[in-house]
Structure formats: C-alpha cells, structure tokens
Amino acid sequence: MALARQQSCFAVIAAALWMIPSASAFSISRIGKQAHNSCAHPLKATIERDGLFWPSSPPNDERIDRSANSEEDHDDLFDEEEYQTLDAVVKIYATHSDPDFLIPWQKRHQTTSTSSGFVIDVPGLGLRVMTNAHSVEYGSVVQVQRRGDDEKHAAIVEAVGNECDLALLRVDSLFSPQNDDQFQPFAMPIGSLPMLQDDVEVIGYPAGGDSLCVTKGVVSRIEMQEYAQAGARLLAMQIDAAINPGNSGGPVVNDELEVVGVAFQGIDEESIENVGYVVPASVVRHFLEDVRRNNGIYTGFCQLGIEVSFLENKAYRKFLKMDNLDGENKRISGVCVRRVQPSAGAYGILKSMDVVMAVDGIPVGNDGKIPFRRGERVDLGCYISSLFPGDVATATIFRDGTEMEVSIPVSPIKDLVPSHYNNKPPPYLICSGFVFTALSVPYLDAKGAWDDFYTE
C-alpha cells in the first residue's frame, strides 16, 4: 500500500515537470527528498518566480541605477519618465447633487460618475489636479484615487471654468507637506500646441474597466468649436484616438510626455467615428494664467461682443464703398458689424455698418477668419479669447469710406440668459403663491424648450 502511494506521488511530480515550458522558468530543488516527504504531506516545491505568471518588478528605488550611462540604462530612464507620467493621472469619483431648475428650492436625486484628471503645478497655488468642469459639476462629494492605490482622497473644487470646461481640485491629504506617504507627486508639464498629424496619446480611466487606459492617435484638426458645457466657442483640437465616457479630464500627451490638451467631449452619432475633441494647450494655459492673476478665481474669456456679417458678396462690398480702395491696388477685406452688445467694451466705439479690417495688425478675411499658422485660419474670436480682462485691442475699421483705427477694451461678457450658475443653485422668489426664477439655459433645457425653440 505504501509503495503504491509513493509511485502515485512520483507520477504527479512527473506530470508537473512535463507541463513546465523550460528549465529556466522554475527552479525546483531537492526533488527526491521532497518527493519522499510528500508521500505523507501535500506535494510541495520551491518555485523561483521570474515574471512568467506574476510580475516580479524590483522596488521603485531599485528600478533604475541613475549613475549608469549605458544605452540600456538610458532606455530605463525613459521608462521611468513614462511611469511618472502614468502615476500622475488619477481617477476622480464624484457624487452630483444637481438642483431642480423647475422646482428651484429642491434638488434632484444624486448621481455618481467617474472621470480622469492629472497633477499639474499651478504658479502661485502649488500642486493641483486638473479635470473637466462637467466632471465635478454640482459635486457634493469629490474624491481622487491615484494609480495603483486603494485609498480615495477627498478633493475640494477650487476653480471652475465652464466656458473652457476645465476645473482645478485641491487635494490636501495627497499634496500636503506633512504627508508622510511615500507617494511623490509628479507634476505633468504643459507643452505647446501640436501640429497636424502629430502623434498623441490619451490617458485616462474610460468605461469598460477600472485600470488606466492609453489610446493613441494623431491630431486631425484644430479650429474653433462650440464647447458643450457652456456653449462657448473656443479653440479645440480634434484627434482620432478613442475618447469614451470616463476619459473626460484625462491628459493628452505628445512624444515628449508633455500635456498638449485635455480630453473633454466627442460626437454621439452613429455615422461619425474616431472623432474626439480636446481642450488645447493654449486654452489650458490661458485658464491657468487667469486663475493665477485673480488669486485662484476664474473670470472668463474675453469677447468683442459684436454680431457680424461676412463680406464675400461683391455687391455687398460695393454697397459699403469698399471698392474705392480696391482701385489703389490694396485688397480690402473684413466683416461688417451688425450689432454691438450693450454690455460689451466695444459698445459706443464700434457702430453698425462698420467694417472691421484688422485687429492688432492681424488682417480679417471676408469670411471672418484670420491667419493662425501656415495653411491654417481661425475665427477672429480665437485671437480675442487669447487676451485678458483689461487688455486693449486696436482695431482698423472702415467707416463711411474712411479707414481709421480705434481702441477697444476687451473683457468677458455675461449673457443675459446664462448657460450656468457656476455650481450654485438657481435664484428664485416666492411671492403670493407665484414662483419667480431667472431665465437660463438650464431652465429652458429642463422645460424641454431649448432644443425646440432656440435659434441663432
């Protein structure tokens, strides 16, 4: 009976050895002695893991020898930069308590969402987490979880820019100087605006899994687009990398691992594929500079506040007497002012039927576009949005057959029908059983009247 048990044990060991791919994968010692002892106990073997079935990476402080100068160690240094970049991307958990715009004194049922963010160093503020404004909109509870960690850290929404769909979070427990954790936050650098066909990577936590996801693509288009969060038109970058729910707020990096944009929206149409939109680096820099100048408070993007009509029709140009200057071998182009908003800085300076020919020496085309980069043109509002409150733009205009220059102070313009309340509840007044509230885009949307009756 004992002999049969011993033969059975050796048979099991032989079968296990037959399944091993190679002798280098495992190191099994003292087979004969362990086989003899295993007849009375379960089979045991000393296995040295080498990463075949389970990763066996060295500790972080031993991963790289920075004193080495070999080509292999240089590649390891680049890998360490990639590790730092990935570790700087965090997952954001938010609990939203949206107000009921039809019943402004109460709130809707709470909803939860997950999105992405990344660590940056904001001048004058320190380390912060950047994400999308819609990711933390009306967030009653916002938490941040870093890569490879099971702990969620409470975050405070410090600055919100709904027009550019960007927000800054302060995470005291993660970035506090008194934090004795071994986590050393890495602030991702902000790069420059990429060129068309440049390779980019989108990093984030999209739907379909819990771990970090990286997708790759190229820059397809750069032009003015309407941002869905507040309806503002700003410069946007289109890429063909996949941007899915959960990618919002994640960084878009170039080959140098610099942030060239922030993923924020896509197109939900079956006939359109591989189209994702990114907040470009220039808009991100403007948002950070605005927050820095105003001690952590976001003020907005500047506008001229004018409604214009294009001058591509020759008869229209002749009516405005623009053909008189064409005879001087000087090509005249521009846009015609139809209306100036009363709250704009241009009110009282520009008049109806004025032709804006250039702004700060940048010529304006008959289609309302200005030169941007080689072979690229953008709307005039793109340049105005790059200015800051208090700046003065010099406009060259054509009025009643005469060319002249005027100075126009630029500033953000508050719409009479606001598109948001900056995460605050809507104002209301109850009087004699009547409820009065401010007319806003969220109210019209909740009423179902925005899509049906809104028009440009």
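# A tour of the sheet and its salt bridges

Start by colouring the strands of this predicted model, and look for the open sheet in which 7 strands are arranged in the order 5-4-1-2-3-7-6, with antiparallel pairing. At its edges, select strand 5 (153-154) and strand 6 (156-161), each of which pairs on one side only.

Stay with strand 5 and add strand 4 (residues 139-146) to the selection: the two run antiparallel and are joined by 2 bridges. If you show the side chains here, you can find glutamine 143 standing opposite alanine 154, which belongs to strand 5.

Next, select helix 5 (residues 281-293), and ask which strands this helix lies across. They are strand 2 (111-122), strand 3 (126-131), strand 6 and strand 7 (166-170), and the helix runs at about 50° to strand 7.

**Salt bridges to visit**

Before zooming in, it helps to remember that side chains of opposite charge can pair when their charged atoms come close. The structure holds 15 salt bridges, and the next stops visit some of them.

Select arginine 147 and aspartate 87, whose side chains meet in a salt bridge with an N to O distance of 2.7 Å. This pair links distant parts of the chain, since arginine 147 sits in the loop between strand 4 and strand 5 while aspartate 87 is in helix 3 (residues 71-87), 60 residues apart. Arginine 147 is partly exposed, with a relative accessible area of 31%, and aspartate 87 is also partly exposed, with a value of 32%.

Now move to lysine 91 and aspartate 210, which form a salt bridge whose closest N and O atoms are 3.8 Å apart. Lysine 91 lies in strand 1, whereas aspartate 210 lies in the loop between strand 8 (199-204) and strand 9 (213-226), so this pair ties together parts that are 119 residues apart in sequence. Is lysine 91 buried or exposed? Its relative accessibility is 6%, and because buried means under 20%, lysine 91 counts as buried. Its partner, aspartate 210, has a relative accessibility of 64% and therefore counts as exposed, the cut-off for that word being over 50%.

For a further pair, select aspartate 379 and arginine 233, whose side chains meet in a salt bridge at 3.0 Å, N to O. Aspartate 379 is in strand 19 (residues 376-379) and arginine 233 is in strand 10 (residues 233-239), so the salt bridge ties together parts that are 146 residues apart in sequence. Arginine 233 counts as partly exposed, at 45% relative accessibility.

Then select Arg128, Glu158, Arg170 and Asp172 together, for these four residues are linked in a network of salt bridges.

**A patch on the surface**

Switch to a surface view and select Trp105, Tyr428, Ile430 and Val435, which make a nonpolar surface patch of about 400 Å². To place one of these residues, follow the chain through the loop between strand 1 (89-96) and strand 2, where tryptophan 105 is found. With a relative accessibility of 46%, tryptophan 105 counts as partly exposed.

**Zooming out**

Finally, show the whole protein, whose secondary structure comes to 10 helices and 23 strands. Of its 456 residues, 40% are buried, and the protein exposes about 26,000 Å², of which carbon and sulfur atoms supply 51%. Among the contacts with a separation of 6 or more, 59% are accounted for by residues 24 or more positions apart.

Notes
Residues are numbered from 1 along each chain as its sequence is written. This is a predicted model: local features need pLDDT of at least 70, side-chain atom pairs count only at pLDDT 80 or more; totals for chains, interfaces and linings use all residues. Side-chain values use heavy atoms; hydrogens and water are left out. Two strands pair if DSSP finds at least two bridges between them. Helices (H or I, at least four residues) and strands (E, at least two) are DSSP runs, numbered from the N terminus. Contact means heavy atoms within 4.5 Å. Axes are lines fitted to C-alpha atoms, for helices over the stretch in contact, and angles run from 0 to 180 degrees between N-to-C directions. Patches are made of residues with over 30% relative accessible area and no salt bridge: like charges are joined within 9 Å, nonpolar side chains (Val, Leu, Ile, Met, Phe, Trp, Tyr) within 5 Å. Accessible areas come from the Shrake-Rupley method with a 1.4 Å probe; for residues, only the protein chains shown count as cover. Buried means under 20% relative accessible area, exposed over 50%, partly exposed in between (1.4 Å probe, protein chains only).
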